[in-house]
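Hello,

Here is the structure we talked about, with the sequence alongside. My notes follow below it.

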There are 4 protein chains.
Amino acid sequence: MPRLLPSDTPPSRSAEFLDPEVHRRLEAAVLDVFSQSDFHRANIRTIAKMAGISFTTIYRHYGSKEGLLFSFVNDWLRGLTERMADHLQGIEDLKEKLRKFFWVQLDYYERNPGVGRIIFMTVPITTWMGDKTFAQDKMIHLFLDTLRQGQAAGVLNSRVRAGVLVDIFNGMVQRTFFMWVYRGQNESLAAQANVLFEMLWRAIENPERPA
Amino acid sequence: MPRLLPSDTPPSRSAEFLDPEVHRRLEAAVLDVFSQSDFHRANIRTIAKMAGISFTTIYRHYGSKEGLLFSFVNDWLRGLTERMADHLQGIEDLKEKLRKFFWVQLDYYERNPGVGRIIFMTVPITTWMGDKTFAQDKMIHLFLDTLRQGQAAGVLNSRVRAGVLVDIFNGMVQRTFFMWVYRGQNESLAAQANVLFEMLWRAIENPERPA
Amino acid sequence: MPRLLPSDTPPSRSAEFLDPEVHRRLEAAVLDVFSQSDFHRANIRTIAKMAGISFTTIYRHYGSKEGLLFSFVNDWLRGLTERMADHLQGIEDLKEKLRKFFWVQLDYYERNPGVGRIIFMTVPITTWMGDKTFAQDKMIHLFLDTLRQGQAAGVLNSRVRAGVLVDIFNGMVQRTFFMWVYRGQNESLAAQANVLFEMLWRAIENPERPA
Amino acid sequence: MPRLLPSDTPPSRSAEFLDPEVHRRLEAAVLDVFSQSDFHRANIRTIAKMAGISFTTIYRHYGSKEGLLFSFVNDWLRGLTERMADHLQGIEDLKEKLRKFFWVQLDYYERNPGVGRIIFMTVPITTWMGDKTFAQDKMIHLFLDTLRQGQAAGVLNSRVRAGVLVDIFNGMVQRTFFMWVYRGQNESLAAQANVLFEMLWRAIENPERPA
DNA sequence: CATGAATGAGGTTTCATTCAT
DNA sequence: GATGAATGAAACCTCATTCAT
């Protein structure tokens, strides 16, 4: 069964030696605090107290407030990426692949709204740009390859770079998640995946392709 | 000719009585500092020095760091909204209207990349949610009405709420702007408007409509 | 009839040209604010508002917060001095003179507790030392002469400088006033004058004098 | 030998955990700054610099400018009280007890003129009234009891409350100290104790007592 | 190693005082 | 001359980060 919860994945970076139980408590605290308050309002001492450790310990393991957040976000996104890879297995059809790609993301953020809030809402994008691993997002690269193949095969619109197709996808994920939160998280997010994906698909498919 | 530069629009809030020249310098400083650094790194004292005024004066007029930023962003967005209204005049065709809507935004942010950086990149979305005027964005409401009419007329996809169409539009604007900056602001942003809009259009148009 | 109320005396310094009615309101405000709060907590803007004038006007007339206070305290003390001179007239006996001297002060501060609070309680002594007129207190000089005559005549203790006798007198006035306020201003201050003065008298009279 | 210098007594309040050496430097700085300038002119940052610590540390330990001053004044006065208790031991005669009481104070303030300046000159009395420990001055209470016993025994004037006798004493101490400073701290203050005390004694002794 | 104390930066607030109208 | 805006200083407060034990 695929990994869903962040704590199922081992910590990255220097956190290797943090006691697993402590690591779990710290993760919960990070998720809670950073998802509830803007990055600059989030207080490391509060996080430390919630995790039952001293804030100095956090510093020794993660170096800085950003380091702490980046480490956990990487864990979380790795979890998402692994699940994505797992889900994409055995799907041959490009459209179905992309549909799945879209659905897995919405489903993940619906199950982990705190993670979504952190990535899309409480932390400014420029902060992510300071994270080296941000640019190396494996998921994106896998996705890009798929899209390029689709363009080469004439299925997808090839008038634009594949990156643009990614942008459309991601813009949709981000905006959809944000508005879902903004409007109160009422309906299911994943349940909207199909109708949204169909629109997305029409956006990126090759308009000249013979139907 | 339409208003393009932020300073062309009168200040909002309590800034009414700030000397126009000082207001212009302050605007330049706010634009500079907030677009270069994350919100929490932006330093009010630096802004005051750049604007050649005392930082107490800023506080008396704007009340807080957020107040300062919100005030100018409101000015800027009002400028964008006015320009938008100006440009949309006389366009009857729905598709052309939406195309214009998309283009004006990309063009605006290309000309005012600092404003775009502030709105989309350096300030977390949750901070904007604290701004009362954020939700009252007139531009969005105008846009929503147009989209609803399009749905009613069977031109646009009516399986989703009009809000979703807005989300797709805005997600595209935001993501496109961000990636444009991220990739170095090389090509013209507005120049991509048409090809991107065509994709957008296919995403939102009514798929069952007889062609 | 002797001058009792501060406003009966004309303003000093540069305040000559302040409208008499404004001057009266300003005096009331100064008395109120400086007697209720420590010097550094007293707020010039509050005073100005209470007096119905702009704080800038105060600055033009009095130059500074200290200048404002000094000016009125001088007016008030001049009133006390004049009344003192008035009362001492026609008293030949040294002891009766000193008794009167003591009584007039207690009586004055009982009637003008705000003035007493300002002089003895809310303003640090060092602040008074910055007031040129402080050292030139005419009342003290008149008093000193009287005491010196008493020493020369063998009536008062001449083992100490006359200044010391003044200190004992003033220390008693100040401490008595302060404790009267501290204990709630219950009994009459002037009513205690006689019993206190008798003690004072025994302190300063020449112990070797044949009874 | 009795404790004389302020730093010989342990710190009060939250300062328990301040490094002793730092505490000593801070005490010196507080003594210096607050004795030279009026309370409202005293600058915490200057004090911090002089003490070689960060001004945040001062705030964490003392909470406010007043808290800082109150803490040290309490230390100092505790030192005086202890020395007083030490000196009064073994004195049976009331007059000698009071003489000692007077002398110890003058001697203390002569050795610690900065403390005297702070208590009597640079800080307004009303500020002390905000200090809870001000009213609980143990020294005063010890003294009061002694005076009451003297009144009961018919040695001291019992026409006035014992509190009045304290007032006379304290008024004399305060005024004597102030004028000593005002006149340039030339002669020894303690050396004047005896002649002043004899005057004081005549003021408070029972005038009807058979000699 | 883990911890709490100290630090420095900077947001916020209040005011006496000065500037410009 | 009278006024309000602007200034600069400093108290106050919080926090990320570093230091020392």
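Which helices each supply at least two residues of the surface near DNA strand F? In this predicted model, chain A and chain D each do so with helix H2 (44–51) and helix H3 (55–62). Chain B and chain C do so with helix H3 (55–62).

In total, 29 residues surround DNA strand F. The closest are Lys65(A), Ser54(B), Thr56(B), Thr57(B) and Thr56(C). By class, the surface near DNA strand F has 12 polar, 10 nonpolar and 7 charged residues.

On the protein side, chain C and chain D are in contact, with 31 residues from chain C and 32 residues from chain D. On chain C, at least two residues of the side that touches chain D come from each of helix H6 (113–122), helix H7 (125–129), helix H10 (162–182) and helix H11 (193–204). H10(C) gives the most, at 11 residues. That side of chain C divides into 16 nonpolar, 10 polar and 5 charged residues.

Chain A superposes on chain B with an RMSD of 0.1 Å, after a rotation of 180° and a shift of 0.1 Å along its axis. This is the relation of a two-fold axis. Of the interface residues of chain A, 100% are also interface residues in chain B, so the copies meet through the same surface.

Two pairs of chains have no contact. Chain A and chain C are not joined by any contact, and their closest C-alpha atoms lie 33 Å apart. Nor does a contact join chain B and chain D, where the closest C-alpha atoms lie 19 Å apart.

Regards

Methods:
Residues are numbered from 1 along each chain as its sequence is written. Chains are lettered from A and ligands numbered from 1 in the order in which they are written. This is a predicted model: local features need pLDDT of at least 70, side-chain atom pairs count only at pLDDT 80 or more; totals for chains, interfaces and linings use all residues. Two residues are in contact if their C-beta atoms, placed from the backbone, lie within 7 Å. Helices (H or I, at least four residues) and strands (E, at least two) are DSSP runs, numbered from the N terminus. Ala, Val, Leu, Ile, Met, Phe, Trp, Tyr, Cys and Pro count as nonpolar, Asp, Glu, Lys and Arg as charged, and the others, Gly among them, as polar. A residue is near a molecule or strand if its C-beta atom, placed from the backbone, lies within 6 Å of it. Copies are superposed by least squares on the C-alpha atoms of residues with pLDDT of at least 70 in both.
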